[in-house]
Structures are given as structure tokens and as C-alpha cells.
Amino acid sequence: MPSFDIVSKVDAQTLDNAINNAKKEILNRFDFNGSKSTVELDKKTNVITIVTEDDMRLKAIEGSIISRMMKQNLDPKSMDFGKENIASGNMIRKEITIKEGLDKEAAKKVVAKIKASGLKVQPSIMDDQVRVTAKKIDDLQAVITLCRGEDFDQPLQFINMRN
């Protein structure tokens, strides 16, 4: 039976490129001249750490990261903005977590939407992905179109299309 998987993943190399481009942009901007701002990506935990002096610069760095991610075709919905913490001295630290995999709530929303559509498919939740099987590939393509039209607060990718 034909099937495919619905996942939510971020390409690590593309994310690294986007962060490096944002770092270069921040270094060259006039309003960051003489600033002690840093942006670091922990590749193991997928956490972006921003340390800067004030709230205005923090918002500018976030905007730069988002714009660079969009230029690299990464969806900014995959970022989970944490709270700002006060670091040593007058510095502000913010950690942005990159969401990997579909969490249980998002997977349940996807499955409920597919079942409510009335298409002859069988969605099932498998760990951090949703597998959809059907007798006809046309039904699977209709599910992909349906999921692309909805907003599940996470970017979705459709992989492993099998006959």
C-alpha cells in the first residue's frame, strides 16, 4: 500500500549557514559597532544562544536570524523563543530552541485534520512523525495538499513516499 511520512525537521547544515550569515551581518552593522553581542549555535542540542547589551539589539539580532533563515528556506516557526535572562553585568541572554520532530499535540492535530477530511487514508502516529497509508496515491497527494493549507505551528515536510 502507498504511504508517506509527515515530519518536522530542520537541516542542521542549512541552519548553521543561516546563523553564520546572521553573525556576519551583525558584525558589519553600524548600530552594533563596539557591541559585545554574540550569537552561538549548539549543534548537539539545537539551541541558539544570544548575548547582548539591551533589548533593542536583542530584537535586531532575532530579526536578522529570522530573515537569514527565510533566505535559506527554513521556516521560522521551528524556533521556540525562550525568555530573556539577565547575564553577568548589564548583558541579556536569550536561548532559542529549534524544534525537531512533531510533538504529541501537533501530531494529534494533524491526524484529527486528516480524519476530519473524509479521505480514505489511515494516519498513525509513530514517535515524532505521522505515517499516512492509502490504497491510491491520489488520496495521499490530497492529504499533502490539505496539510500544506493548514497551520500546525510547526513546519511540515513530507518524506518517504512509497508505492
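What covers the buried residues of α1? In this predicted model, the cover includes β2, β3, α2 (55–71) and β5. The buried residues of α1 themselves are Thr14, Leu15, Asp16, Ala18, Ile19, Ala22 and Ile26. To see how these elements are arranged, it helps to begin with the division of the chain.

The domain assignment splits the protein chain into domain 1 (3–8 + 101–162) and domain 2 (12–98). Domain 1 is thus given as two segments, while domain 2 is given as one. Taken over C-alpha atoms, the centres of domain 1 and domain 2 are 32 Å apart.

Consider the sheet that α1 packs on. Its four strands follow the order β2-β3-β5-β4, with antiparallel pairing, and the sheet is open. At its edges are β2 (38–42) and β4 (79–86), each of which pairs on one side only. On average, neighbouring strands of this sheet are turned by 15° against each other, direction ignored. Helix α1 (residues 12–28) touches β2, β3 and β5 as it packs on the sheet, and its direction makes about 170° with that of β2. Within the sheet, six bridges connect strand β3 (residues 47–52) with strand β5 (residues 92–98) in the antiparallel sense. One position can be followed across this pairing: Ile48 has Ile96 in β5 as its bridge partner.

The length of α1 can be checked against its residue count. At 1.5 Å a residue, its 17 residues should span 24 Å, because the expected span uses one less than the number of residues. The end C-alpha atoms of α1 are 25 Å apart, which agrees.

A second open sheet also has four strands, here in the order β6-β7-β1-β8, and its pairing is antiparallel. The edge strands are β6 (121–126) and β8, each pairing on one side only. From one strand to the next, the twist averages 20°. Two helices contact this sheet. Helix α3 (residues 104–116) packs on it and touches β1, β6 and β7, with a direction at about 175° to that of β6. Helix α4 (residues 137–149) lies across β1, β6, β7 and β8, and runs at about 175° to β8.

The pairings within this second sheet can be taken in turn. Strands β6 and β7 run antiparallel and are joined by six bridges; Val121 stands opposite Ala134 in β7. The two strands form a hairpin with two residues between them, and Asp127 in the turn has a positive phi of about 55°. Strand β7 (residues 129–134) is also joined to β1, by four bridges, and these strands run antiparallel. In that pairing, Ile6 has Val130 in β7 as its bridge partner.

Strand β1 also holds one half of an aromatic contact. How many aromatic pairs does a search of the whole structure find? The search finds one. The ring centres of Phe4 and Phe158 are 6.0 Å apart and the planes are at 70°, so the pair is edge-to-face, given that planes over 60 degrees apart count as such. Because Phe4 lies in strand β1 (residues 3–7) and Phe158 in strand β8 (residues 157–162), the pair ties together parts that are 154 residues apart in sequence. Is Phe4 buried or exposed? With a relative accessible area of 1%, Phe4 is buried, because that value falls under the 20% limit.

Methods. Residues are numbered from 1 along each chain as its sequence is written. This is a predicted model: local features need pLDDT of at least 70, side-chain atom pairs count only at pLDDT 80 or more; totals for chains, interfaces and linings use all residues. Side-chain values use heavy atoms; hydrogens and water are left out. Domain bounds come from an automatic or database domain assignment. Two strands pair if DSSP finds at least two bridges between them. Axes are lines fitted to C-alpha atoms, for helices over the stretch in contact, and angles run from 0 to 180 degrees between N-to-C directions. Contact means heavy atoms within 4.5 Å. Rings of Phe, Tyr and Trp (its six-membered ring) pair if their centres lie within 6.5 Å; planes under 30 degrees apart count as stacked, over 60 as edge-to-face and the rest as tilted. Buried means under 20% relative accessible area, exposed over 50%, partly exposed in between (1.4 Å probe, protein chains only).
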